[in-house]
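The following paragraphs offer a guided reading for those who have not met this structure before. Please keep the sequence and the model in view while reading.

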Protein chains: 2
Amino acid sequence: MLKKERHDFIMRQINLHNRVLTSDLVQLLNVSEDTIRRDLQELVDEGHLFKVHGGALSKSYHSSFDDSTVYARDKKIVIAKKATELIKDGMVVLIGGGTTILEFTKQLPQGLSATFFTISPLVAVELAKYNNVEVVLIGGLFSKNSQVTYGGHVISQLSEIKADLCLMGTSALHPEGGLTDTDWEINQLKKAMLACSKKSAVLCISEKLNITLRLKVCPIESISYLVTELDKEHESLSNYQKKDVNIL
Amino acid sequence: MLKKERHDFIMRQINLHNRVLTSDLVQLLNVSEDTIRRDLQELVDEGHLFKVHGGALSKSYHSSFDDSTVYARDKKIVIAKKATELIKDGMVVLIGGGTTILEFTKQLPQGLSATFFTISPLVAVELAKYNNVEVVLIGGLFSKNSQVTYGGHVISQLSEIKADLCLMGTSALHPEGGLTDTDWEINQLKKAMLACSKKSAVLCISEKLNITLRLKVCPIESISYLVTELDKEHESLSNYQKKDVNIL
DNA sequence: AACATTAATGCACAAAAACGCAAAAACACG
DNA sequence: CGTGTTTTTGCGTTTTTGTGCATTAATGTT
């Protein structure tokens, strides 16, 4: 059996059960423990899984109990604060989910009076704390991974909305590749959200810049505002500025 | 079981109930006390929880008193545990909001496979933690007071659902007056929820029994199950028993 | 104060990982 | 084809890690 085949086999097991035991793999693949260990190490180096004593766990498994420690929280707060400038009294805003967006909802000025449509329950709960803000939660199937509603029902309801601004987090942004994502459902969702908004703003920590993922949501030109934690003039933003995106 | 998995299990318990007992974990995980203690110590070192004599507490327990301020929490937990008996694999359940219901979502058995429709974002988020549970969030205007979606849009979507069981908290229950409420919107909502379910269960702490409020939702006969923290045979429940309500 | 429960500590043992080394296989290239 | 190089693999040894047990200390209860 080829190394590559072993690696694939291991990844299948991981995707299936979220875990593998070294000893099991030794039996199943009929090779020595060392080989398995080396395989696992290589898969770790490629960032595909997570090694622990006795075996390995899926990468996503790890994040399951870490909701207290939001990754790169400080940067996200900076972004969130900047983004509040975009919201004016009387606006109708369509807003997504994700940790950055959630941070954003905590940074809004108290007196703000606006209407928010959202697909994220957590965002809805946060926004409801503002007295003069009206919140509409768009219902549908609820995604365990991304913690937002999704599916046909959501899309069809989105099609009935006309918002002034669409605010969303992002998985990846690239000057040429535009806004991209890995999950098909989320991809559809973002497309629909953009389609029903006059303008759009993307909240994006810098490490997600200049990356392209599998599925394309929209070209860079469709984005009105880009909000990062970097300074407006930072060189890594120049490629976006050229494309007529407003940098915040 | 891998160490990491144990840690994860412990953290799930903590996030769910804000506390764990060392002795419980020993039983549940089938390892020695020492191992549990070491696990807890490591989780403390990583800053995930808070160790006390006899077990550990959630870190947020100390800072945010959200959970401890829930009125009559202990009683509600008793009710919630009883109510889980009503849920069987494969069921389609329509579930409301409120603190009692939220407690209920934390008491369900891990393996449960069912579909839940809900009008409460917080309930949706909790239910999404169960792997085999499908969650559909019913969208609409979001109420700041009761933290559920409401309004015409919700009602019209409810009319398209057919559920096996409807589970709701309650403001007041009376043997003659039936289920009553003070808020007109919530009243409409509860009516609609009952209308689309084959059976209905009301979760109700005893002090809300024998009270009638302004607006009537339904007569007592429309309720299939009544779940309180009292013993089945308690005298204050006899008036309900007579009306053919199943007491849990 | 006496007692029971829970923690901490040191120790022993087993399982797993890391490391260095050597054999075998695959590959490169004149 | 043959020779030198790299890659892959397995083995023995040493370290590290995980676990349980016995003993002692601390804590809570009545």
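The expected span of a helix is 1.5 Å times one less than its number of residues. This rule can be applied to the model, which is a predicted one. Helix α1 of chain A covers residues 3-17, and its 15 residues should therefore span 21 Å; the C-alpha atoms at its two ends are 21 Å apart, in agreement with that expectation. Just after this helix, A:Asn18 adopts a positive phi of about 65°.

Chain A as a whole provides the setting for this helix. The chain contains 10 helices and 15 strands, and its C-alpha trace spans about 65 × 40 × 30 Å along the principal axes. Of its 248 residues, 50% are buried. Among the contacts in chain A with a separation of 6 or more, 59% are made by residues 24 or more positions apart. The chain is divided into domain 1, residues 3-65, and domain 2, residues 73-247. The C-alpha centres of these two domains of chain A lie 35 Å apart.

Which residues of α1(A) are buried? They are A:Arg6, A:His7, A:Phe9, A:Ile10, A:Met11, A:Gln13 and A:Ile14. A general property of helices is helpful when looking at such a list: an α-helix has 3.6 residues a turn, so residues three or four places apart point the same way. The cover over the buried residues of α1(A) includes β1 (19-21), α2 (22-29), α3 (33-45), β2 and β3 of chain A.

Two of these covering elements, β2 and β3, pair with each other. Strand β2 of chain A (residues 49-52) and strand β3 of chain A (residues 55-58) run antiparallel and are joined by 4 bridges. Within this pairing, A:Phe50 stands opposite A:Leu57. The two strands form a hairpin with 2 residues between them, and A:Gly54 in the turn has a positive phi of about 100°.

Attention may now pass to the DNA. DNA strand D is surrounded by 16 residues, of which the closest are A:Arg6, A:Thr35, B:Arg6, B:Thr35 and B:Arg38. Of the strand D atoms within 4 Å of the protein, 58% belong to sugar or phosphate, and the rest belong to bases. An N or O atom in the side chain of A:Arg6 is 2.8 Å from a phosphate oxygen of strand D, and a polar side-chain atom of A:Ser32 lies 3.1 Å from a phosphate oxygen of strand D. The side chain of B:Asp34, by contrast, places an N or O atom 2.8 Å from a base nitrogen. The elements giving two or more residues to the surface near DNA strand D are α1 and α3 of chain A, together with α1 (3-17) and α3 (33-45) of chain B.

Both chains also contribute to a sheet. Its 9 strands form an open, mixed arrangement in the order β8(A)-β7(A)-β6(B)-β5(B)-β4(B)-β9(B)-β12(B)-β14(B)-β15(B). The edge strands, each pairing on one side only, are β8 (149-150) of chain A and β15 (246-247) of chain B. Strand β14 of chain B (residues 225-227) pairs with β15(B) in the parallel sense over 2 bridges, and B:Leu226 stands opposite B:Ile247.

A single residue of chain A completes the reading. A:Ser120 is found in the loop between β5 (114-118) and α7 (121-127). Is this residue buried or exposed? A:Ser120 counts as buried because its relative accessibility is 3%, and the cut-off for buried is under 20%. A polar atom of its side chain lies 3.1 Å from the backbone nitrogen of A:Val123. Beyond residues up to four places away in sequence, A:Ser120 touches A:Gly96, A:Gly97, A:Leu137, A:Gln147 and A:Val148.

Conventions
Residues are numbered from 1 along each chain as its sequence is written. Chains are lettered from A and ligands numbered from 1 in the order in which they are written. This is a predicted model: local features need pLDDT of at least 70, side-chain atom pairs count only at pLDDT 80 or more; totals for chains, interfaces and linings use all residues. Side-chain values use heavy atoms; hydrogens and water are left out. Domain bounds come from an automatic or database domain assignment. Two strands pair if DSSP finds at least two bridges between them. Buried means under 20% relative accessible area, exposed over 50%, partly exposed in between (1.4 Å probe, protein chains only). Contact means heavy atoms within 4.5 Å. A residue is near a molecule or strand if one of its heavy atoms lies within 4 Å of it. A polar contact is a pair of N or O atoms within 3.5 Å; within protein, one must be able to donate a hydrogen and the other to accept it, and residues adjacent in sequence count only if both atoms are side-chain atoms.
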